[in-house]
Amino acid sequence: MANIGGITDVPAGSENSVKYQDLARFAVQDFNQKQNALLEFVKVLGVKQQEVAGMMYYITLEAIDGGKKKTYETKIWEKEWEKFKEVQEFKLVGDDTIKIGGITDVPAGSENSVKYQDLARFAVQDFNQKQNARLEFVKVLSVKQQVVSGMMYYITLEAIDGGKKKTYETMIWVKEWEKFKEVQEFKLAGDDDPDKRGITDVPGGSENSVKYEDLARFAVQDFNQKQNALLEFVKVLSVKQQVVQGIMYYITLEAIDGGKKKTYETKIWVKEWENFKEVQEFKLAGDAPGS
């Protein structure tokens, strides 16, 4: 999803203005509340900004943790005309596994708000389309949230399947400033076996998109590094996907090994909100057709 603008530096010398100090303190306080932490804000080190639906601020700051000064990066979305500001990310510099938050309950009584009902309906519709199913949404049972790059919502809901009420759990990633939302997981409550969730084809004609070619090249490079091999990527043959905690891609590809074209199958786990991708499997499927 395209943003309105690129990320730019704020005017020189303004990074220590009261405005950015206040935003940095707000982010530290938000982190402390959500993580039951005791960081002490020290100073702002740098600020960048990006025009979205409002403004996204990328602030590097210094804070004291257990008596030791450390550097953190935070991402704060602000819409001044709505008096709205929200921390989208907070992490220790150099540690891309630490996001601002743990999973917390939404404010008591809000789980049946229109916002969460709409998200739950969206998840049910998404499941129905991908699985050719006919679940009928009934109600939201509970909602938890987690600040990542945007917001991850963990919704437990009730839906009717074949005339019988069942409970489902879904995980939906939302970036409001990009008008982006994507179901990361949808499962029958108590069903933790990923093999029971459906693997579906990607939309027709999209298997040769840059996205899947990049994933296939990544898998080939990963194999080459781990096996000290010299496979040369040729093309993607087919792609399937599976909604897990993120997306699992099953890609069949063609690569050259020792001058001969061969077909390989790879399984790649992607969690975009964490900038995470990992090859789960890479294996020879056979010689390429016509080789």
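The following paragraphs describe the sheets, cores, one cavity and a few individual residues of a predicted model.

Residues are numbered from 1 along each chain as its sequence is written, and side-chain values use heavy atoms, with hydrogens and water left out. Since the model is predicted, local features need pLDDT of at least 70 and side-chain atom pairs count only at pLDDT 80 or more, while totals for chains, interfaces and linings use all residues.

A good place to begin is the N-terminal part of the numbering. Helices (H or I, at least four residues) and strands (E, at least two) are taken as DSSP runs, numbered from the N terminus, and two strands pair if DSSP finds at least two bridges between them. An open sheet of five strands follows the order β1-β2-β3-β4-β5, and its pairing is antiparallel. Its edges are β1 (7-9) and β5 (84-92); each has a single partner strand, so one side of each is left without a neighbour in the sheet. On average, neighbouring strands here are turned by 30° against each other, direction ignored, where axes are lines fitted to C-alpha atoms (for helices over the stretch in contact) and angles run from 0 to 180 degrees between N-to-C directions. Within this sheet, β3 (residues 54-65) and β4 (residues 68-79) are joined by eleven bridges in the antiparallel sense, and T60 has E73 in β4 as its bridge partner.

Helix α1 (residues 18-35) contains L23. With a relative accessible area of 2%, L23 is buried; buried means under 20% relative accessible area, exposed over 50%, and partly exposed in between, with a 1.4 Å probe and protein chains only. Contact is defined as heavy atoms within 4.5 Å. Leaving aside neighbours within four places in sequence, L23 is in contact with Y57, I59, I76, E78 and K85. The C-alpha atoms of L23 and V10 are separated by 14 Å, with the two residues 13 apart along the chain.

A second set of five strands also deserves a look. These strands form an open sheet in the order β6-β7-β8-β9-β10, with antiparallel pairing. At the edges stand β6 (104-105) and β10, each with a single partner strand, so one side of each is left without a neighbour in the sheet. Eight bridges link β9 and β10 in the antiparallel sense, and the bridge partner of T170 in β10 is F186.

Turning to the interior, a nonpolar core is a set of buried Ala, Val, Leu, Ile, Met, Phe, Trp, Tyr and Cys residues joined through side-chain atoms within 4.5 Å. The largest such core has 22 residues, and L119, V143, Y153, I155, L157, I172 and F186 have the most contacts inside it. Two or more residues each come from α2 (114-131), β7 (136-148), β8 (150-161), β9 (164-175) and β10 (180-188). Of these elements, α2 gives the largest share, six residues. I155 offers a closer view: beyond four places in sequence, I155 is in contact with Y116, L119, A120, V140, S142, V143, Y168, E169, T170 and I172. Apart from this core lies another, of 21 residues, including V236, V243, I247 and Y249.

Strand β13 ties several of the remaining features together. Nine of the twelve residues of β13 are buried, which leaves the strand mostly covered. β12 (residues 232-244) and β13 pair in the antiparallel sense over eleven bridges, forming a hairpin with one residue between them; the bridge partner of Q242 in β13 is M248. Another eleven bridges join β13 to β14 (residues 260-271), and these strands run antiparallel. Y250 stands opposite K267 in β14. The hairpin of β13 and β14 has two residues between the strands, and there G258 takes a positive phi near 60°. T252 lies in β13, which spans residues 246-257, and is buried with a relative accessible area of 19%. Not counting residues up to four places away in sequence, T252 touches V236, L237, S238, T263, Y264 and E265.

Finally, the cavity search used a 1 Å grid over the protein atoms alone, a cavity being a set of points where a 1.4 Å probe fits but cannot get out, and lining residues having an atom within 4 Å of a point. Grid points are joined across faces, edges and corners, and a volume is the space filled by probe spheres set on the points. The count comes to one cavity of 30 Å³ or more, and the volume of the largest cavity is about 30 Å³. Its lining consists of E182, Q184, I247, Y249, V270 and E272, with β10 and β13 each supplying at least two of the lining residues.

Notes:
On a 1 Å grid over the protein atoms alone, a cavity is a set of points where a 1.4 Å probe fits but cannot get out, and a pocket is an open set with protein on both sides within 12 Å along at least five of seven lines; lining residues have an atom within 4 Å of a point.
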